[in-house]
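Visitor: Hi, I have a structure open here and would like to talk it through. Could you keep me company while I look around?

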Amino acid sequence: MATTAPESFPVHEDAHHDAHADHKPAFFQRWFMSTNHKDIGTLYLIFSIFAAIIGGGISGIMRFELQEPGIQYLTWWAEFLGNPAGDFDSALHLWNVLITAHGLIMVFFVVMPAMIGGFANWFVPIMIGAPDMAFPRMNNISFWLTFMGFCSLMMSAFMPGGTGMGAGTGWTVYAPLSTTGSPGPAVDFGIFALHLAGAGSIMGAINFITTIFNMRAPGMTLHKMPLFVWSVLVTAFLLLLALPVLAAAITMLLTDRNFQTTFFTPEGGGDPVLYQHLFWFFGHPEVYIMILPGFGIISQIISTFSRKPVFGYLGMAYAMVAIGVVGFIVWAHHMYTVGLSVNEKMYFTAATMVIAVPTGVKIFSWIATMWGGSLRFTSPMIWALGFIFLFTVGGVTGVVLANGSIDDNLHDSYYVVAHFHYVLSLGAVTAMFAGWYYWFPKMFGVWHSEFLSKLQFAIFFVGVNLVFFPMHFLGMNGMSRRYPDYNPAFELWNWVATRGYEIMAISIAVFFANIIYAIVVRKKAEGNYWGEGATTLEWTLSSPPPFHQFETLPVIDDKAGAH
Amino acid sequence: MEQSIAPDRRIDNIDEARRRNNRTGFIFLIVAIGMLGMGYAAVPLYRIFCQVTGIDGTTQRASEEQAAAVVAATGQHISVRFDGNVSGGLPWKFKPNQVKQDVVIGEKSLASYHAVNNSARPITGTAVFNVSPTQAGKYFNKIECFCFTEQTLKPGQEVEMPVIYYVDPAILDDPDARDVEQITLSYSFYESPKG
């Protein structure tokens, strides 16, 4: 990046670096043309919270619609969003639009921006002792591409998408529903959103890999990097290898839709199943992209509040590498019902179950880290413990679903919905909250309320379990996902799940109350506010860190346990 | 924050650092573009993979010579059922002339389909085909088939469409497929994309 702005590379302003360490540009320049990794991280976090309100609000509409059998609210929402009054088909179409938007927003515009754009941007450079990311300007482009992708997705909701307004294809955008089944520009805008967000993430991945490979401080060898940095390194490689395949697949969709190619159209010699292969070749690594940074955050937190280095550091690092590698060869377990042969199913079942081994290494190493440690139950630690429990529940149902024979029965049922929400909605999101409370005073220089954080955890934990645990029962009893209506026999547990959603919503109110508390009370945080046990480099800096840190690089000495 | 750091620990040569970053960034950009290319390469690779392995019921194509060289398995019968349908928008009637054939494994057989263009315009269609159960795909050989080429029917035209096929006796040696007693051959006619 030959055009990198001088202020983003403060390290060479040797003569007067002290005076400039905290010199911030004016508001517009600082936040709209930012090249500072911490500011871009903050932008990503704000963006993620904003997108989460929309994505979570959509899940609320769905949850209340599902509270009882029949169609209650959809027709009203369909009219509200600009569909012709009294058009029942467009109301049903709206359901598809909602599940699509919820999935895409949560995956691409909530979890990825928070984990990778937010926390990783903020802390990877600091943890490896670098002044900034390798390509600060590209970092800025990544953020605004993601933002524009979100705008494109939002716009698609107000365009014709076949039966009604919006793209109703599911987040998987399977052909032929997404090609011949969805006339109108909505799906094109949805695909465009994925292109933009994907391009932003690929740039981010290149940025992280280059930063981690080239910009580590003297003495910070790969095997001394904090586990959060390891998790982001593996994640960046997954992004780099998986997202271009998605880009290829959705570009083929786009040309199938608009330019008469027949990649996925049988009459021209194409095959819709090929789209599923391509999508899941991306889609499976994508789920690890969402959870691996969470693993990294949890490792830092468990280690800090056990006042011990993480148990089995190398095993933890290479377990993530193993999860990343094996994650690329298990994709067809998402498509057991397309007509795979018995042998293919056996392979994908076995390969999928193998992932339980490195995942088990991680879970047991976290427990072993706590074993004999002097534990402190601060709010991030409590969230981290919640993560371990919830992720393990989701992991166990994952092992169940890995079986090709069992999946024939559970495929596209609420059991699957319960499974992936336990690992993502409860797993990844819990890790995000853990990271939020771990680093909130570090990032913003003021304390959140520990009481409110713990209160939020208690309410959230009850709420989300009430939402998603009953879905196991519903799925095993045959309730299909992706429908706004269901057999009245399923009403009880759907009613319970909706009550759980209400409880969860209260916890989100507590989350915002906590932010307001921090803004109002402005209780200053010191540099290393967690004290002994917090050993990574961000704790050597003030809270918030100076606008430009490490103008002279820190030296990692051999004895210090960086992890 | 940082104390007494030796001067050689500073990044003095910022150009060198940038060059290094640009090189690494470029390498991984190439990797990303390479994966994009792999995504597209998957299209022909997938087709070849399906044809070679007969996976998912992809049937095989054989020449007359290959068919002649096959030694029929004496007394081993298998039944073949026929199915024909047209995709939504195609105004054709298309159905097999026989529901079922009982054939000797390895012997050539002739079956035929009947197609009518019910519309007032000439239409070109392509037939897409598959067999079930899928593990029989690699043993189901077609020597001659209307599905190898596009078919054009004039308004109101009726035609008989033949298919000559045999079931490879190797099916009897495959533990996954030797128990198959009946193979269903299915055709779907689509209107050929214009252009």
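Visitor: Let's begin with a pair: in which helix do A:Glu502 and A:Arg499 lie?

Guide: Happy to help, and please keep in mind that this is a predicted model. A:Glu502 and A:Arg499 are both in helix H17 of chain A, which covers residues 491-521. They sit three residues apart, about one turn of the helix.

Visitor: And what do A:Glu502 and A:Arg499 form?

Guide: A salt bridge, with 2.9 Å between the closest N and O atoms. A:Glu502 has a relative accessible area of 31%, so A:Glu502 counts as partly exposed.

Visitor: How many salt bridges are there over all chains?

Guide: The count comes to nine. One of them joins A:Asp408 to A:Lys345, where the closest N and O atoms are 3.0 Å apart. That pair links distant parts of the chain, 63 residues apart: A:Asp408 belongs to helix H14 (residues 404-410) and A:Lys345 to helix H11 (residues 342-354), both of chain A.

Visitor: Is A:Lys345 buried or exposed?

Guide: A:Lys345 is buried, because its relative accessible area is 16% and the cut-off for buried is under 20%. Its partner A:Asp408 is partly exposed, at 42% relative accessibility.

Visitor: Over to chain B. Which side chain does B:Glu64 meet in a salt bridge?

Guide: That of B:Lys108, at 3.2 Å from N to O. B:Glu64 is in helix H2 (residues 64-69) of chain B, while B:Lys108 is in the loop between strand E4 (100-104) and strand E5 (109-117), so the salt bridge ties together parts that are 44 residues apart in sequence. Both ends are partly exposed: B:Glu64 has a relative accessibility of 39%, and B:Lys108 has 47%.

Visitor: While we're on chain B, which domains is it divided into?

Guide: Domain 1 of chain B runs over 1-53 and domain 2 over 56-191. Taken over C-alpha atoms, the centres of the two domains are 49 Å apart.

Visitor: Which residues of chain B does UniProt list as "transmembrane region"?

Guide: The unreviewed UniProt entry gives residues 26-46 of chain B. In the model that span is 100% helix and 0% strand, and its end C-alpha atoms lie 30 Å apart.

Visitor: Back to chain A, then. How many residues does helix H13 have, and how far does it reach?

Guide: Helix H13 (residues 379-402) of chain A has 24 residues and reaches 34 Å from its first C-alpha to its last, close to the 34 Å expected. H13(A) is mostly covered, with 17 of its 24 residues buried.

Visitor: Changing topic to empty space: how many cavities of 30 Å³ or more does the structure hold?

Guide: Two. The largest cavity has about 140 Å³ of space. Its lining is made by 16 residues, and those nearest its centre are A:Tyr44, A:Ile116, A:Gly117, A:Thr146 and A:Ser201.

Visitor: Which helix gives the most to that lining?

Guide: H5(A), with six residues. The elements that give two or more residues to this lining are helices H5 (88-127), H6 (136-156) and H7 (186-214) of chain A.

Visitor: One last thing: how much space lies in the second largest pocket?

Guide: About 1000 Å³. It is lined by 36 residues, and the closest to its centre are A:Gly269, A:Gly270, B:Thr58, B:Val128 and B:Phe129. Elements that give two or more residues to this lining include helix H9 (272-306) of chain A and helix H1 (14-53) of chain B.

Terms used. Residues numbered from 1 in each chain as written. Chains lettered and ligands numbered in written order. Predicted model: local features only at pLDDT ≥ 70, side-chain atom pairs only at ≥ 80, totals over all residues. Heavy atoms only, no water. Salt bridge = Lys/Arg side-chain N within 4 Å of Asp/Glu carboxyl O. Helix = DSSP H or I, 4+ residues; strand = E, 2+ residues; numbered from the N terminus. Buried < 20%, exposed > 50% of the residue type's maximum accessible area, 1.4 Å probe, protein only. UniProt positions renumbered as here; feature names shortened; annotations may be inferred. Domains from an automatic or database assignment. Expected span 1.5 Å × (residues − 1). 1 Å grid on protein atoms, 1.4 Å probe; cavity = no way out; pocket = protein on both sides within 12 Å on 5 of 7 lines; lining within 4 Å. Points joined across faces, edges and corners; volume = space filled by probe spheres on them.
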